[in-house]
Amino acid sequence: HEILRETSTGRVTLSRSGCSVTHGRWNDPYTNRIFTDPGDLDIDHIVPLSFAWHHGAHAWTPETRMKFANDPINLIAVDGPTNRQKSDSGPLKWLPPNVEYRCEYVLRFIRISKIYGLSFSAQEARDMTDLQGFVCG
């Protein structure tokens with residue numbers, strides 16, 4: 001709910017307890033759609049936890065894993081079904097349906113991967129460079 005509060009582009013309404021968001025306005029860059037019901041959204045890990053695990057997170061300390069899982073730089077509110085379609089894929093297997101957001105998505109994925117020292121095979125690294133050139137022109 002912290003991500004929902006921080007990323008709403010409109011006034012946020014909280015539950016009676018003040019613990020959860022019940023209304024706001026979110027721009028989903030994956031679909032280029034606007035949402036007002038937080039129930040329609042998922043909080044996506046741009047670099048999925050499973051993807052990170054297979055690219056080096058298995059060797060991290062529990063503290064680093066927790067930091068990564070909760071790092072706002074890696075979290076984004078997006079359409080639930082689109083997030084489930086993405087699943088644990090990286091950009092070589094999945095790109096947002098909103099073509100105009102693909103460059104930013106790939107760049108953010110690469111930046112997060114670098115920040116956390118994730119490792120890629122030589123072929124994956126070449127493919128990511130090629131993809132970046134293709135989607136960012």
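In this predicted model, D79 and R33 form a salt bridge whose closest N and O atoms lie 3.8 Å apart. D79 belongs to strand β6 (residues 75-79) and R33 to strand β4 (residues 33-35), so this pair ties together parts of the chain that are 46 residues apart in sequence. The two partners sit in unlike surroundings: D79 is buried, with a relative accessible area of 7%, whereas R33 is partly exposed, with a relative accessible area of 42%.

A search of the whole structure finds 3 salt bridges, and strand β5 and helix α4 come into view with the next pair. Here D42 is joined to R84, and the closest N and O atoms are 2.8 Å apart. Because D42 lies in strand β5 (residues 41-45) and R84 in helix α4 (residues 80-86), this salt bridge ties together parts that are 42 residues apart in sequence. D42 has a relative accessibility of 19% and counts as buried; the cut-off for that class is under 20%. R84, by contrast, counts as exposed at 53% relative accessibility, the cut-off in this case being over 50%.

That leaves the pair formed by K86 and D44, a salt bridge with its closest N and O atoms 2.8 Å apart. K86 is found in helix α4 and D44 in strand β5, so that distant parts of the chain, 42 residues apart, are linked by this pair. As for accessibility, K86 and D44 are both buried.

Definitions and conventions
Residues are numbered from 1 along each chain as its sequence is written. This is a predicted model: local features need pLDDT of at least 70, side-chain atom pairs count only at pLDDT 80 or more; totals for chains, interfaces and linings use all residues. Side-chain values use heavy atoms; hydrogens and water are left out. A salt bridge is a side-chain nitrogen of Lys or Arg within 4 Å of a carboxyl oxygen of Asp or Glu. Helices (H or I, at least four residues) and strands (E, at least two) are DSSP runs, numbered from the N terminus. Buried means under 20% relative accessible area, exposed over 50%, partly exposed in between (1.4 Å probe, protein chains only).
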